[in-house]
Amino acid sequence: MKLEEVHKDWRGTTNVLKIGDKEIAVITTSIDGAVRGGHSHPYDATIVVIDGATDYVWTEDSQKPEESKWIRLDATKNPIMATPKGIPHMAISVGNSIMLELKPGQYSITNYPPYRNLVEMGKDWERVEQKDK
């Protein structure tokens, strides 16, 4: 098993976990307020917060980002979220956090501009509470 750092910036690090040549997970460390992701995958993925907490944001209708939903994933209470293929998502770190994303093979993304623009702004964005639907 091998952990390989593939990206580092002010937000933290992105690492790929491999068994042999096969990528099985992406492990991301983030500082408070760091916005990550802003994309979708062509495969189902599972997110696990292994330390700290993150606000996980997604939309089931890419034509309606204003209908985004969110959930707080916390390593001690509610750490896991399954993300179906094609669902745009992003994560906003609440305090320092470590997040693992399990995936079935080579990492692949399609950026989702309404979320990716927030990631690229490099700023924390205001969290808007939504009523349970």
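With which side chain does the side chain of Tyr56 make a polar contact? I shall begin there and then turn to the empty spaces in this structure, which is a predicted model.

The partner is Thr83: its side chain and that of Tyr56 form a polar contact at 2.5 Å. Tyr56 itself belongs to strand E5, which covers residues 45-58. Is Tyr56 buried or exposed? Its relative accessibility is 1%, and because buried means under 20%, Tyr56 counts as buried. Setting aside neighbours within four places in sequence, the residues in contact with Tyr56 include Ile47, Trp70, Leu73, Met81 and His89, as well as Thr83. As a further point of orientation, the C-alpha atoms of Tyr56 and Asp32 are 14 Å apart, with their positions 24 residues apart along the chain.

My second residue is Thr14, in strand E2, residues 12-19. Thr14 has a relative accessibility of 16% and therefore also counts as buried, given the limit of under 20%. The side chain of Thr14 is joined to that of Arg36 by a polar contact of 3.4 Å. Beyond four places in sequence, Thr14 touches Arg36 and several others, among them Glu4, Val6, His7, Val26 and Thr28.

Let us now consider the spaces. Rolling a probe the size of a water molecule over the atoms shows where empty space is left. How many cavities of 30 Å³ or more does the structure hold? There is one, and the volume of the largest cavity is about 40 Å³. Arg36, the partner of Thr14, is one of the residues lining this cavity, together with others including Thr28, Thr54, Ala91 and Met99. Two elements, strand E3 (22-30) and strand E8 (89-102), each give two or more residues to that lining. E8 contributes the most, with five residues. By class, the cavity lining comprises four nonpolar, five polar and one charged residues.

The largest pocket encloses about 400 Å³ of space. It is lined by 22 residues, and those closest to its centre are Thr14, Thr28, Gly37, His39 and Tyr107. Thr14 thus returns here, as one of these central residues. Which elements supply at least two residues each to the pocket lining? They are strand E1 (2-9), E2, E3, strand E4 (35-40), E5, E8 and helix H1 (113-121). In the pocket, too, E8 gives the most, with six residues. The classes in this lining are 12 nonpolar, six polar and four charged residues.

In closing, I would draw attention to strand E8, which gives the most to the lining of the largest cavity and also to that of the largest pocket.

How values were computed
Residues are numbered from 1 along each chain as its sequence is written. This is a predicted model: local features need pLDDT of at least 70, side-chain atom pairs count only at pLDDT 80 or more; totals for chains, interfaces and linings use all residues. Side-chain values use heavy atoms; hydrogens and water are left out. Helices (H or I, at least four residues) and strands (E, at least two) are DSSP runs, numbered from the N terminus. Buried means under 20% relative accessible area, exposed over 50%, partly exposed in between (1.4 Å probe, protein chains only). Contact means heavy atoms within 4.5 Å. A polar contact is a pair of N or O atoms within 3.5 Å; within protein, one must be able to donate a hydrogen and the other to accept it, and residues adjacent in sequence count only if both atoms are side-chain atoms. On a 1 Å grid over the protein atoms alone, a cavity is a set of points where a 1.4 Å probe fits but cannot get out, and a pocket is an open set with protein on both sides within 12 Å along at least five of seven lines; lining residues have an atom within 4 Å of a point. Grid points are joined across faces, edges and corners, and a volume is the space filled by probe spheres set on the points. Ala, Val, Leu, Ile, Met, Phe, Trp, Tyr, Cys and Pro count as nonpolar, Asp, Glu, Lys and Arg as charged, and the others, Gly among them, as polar.
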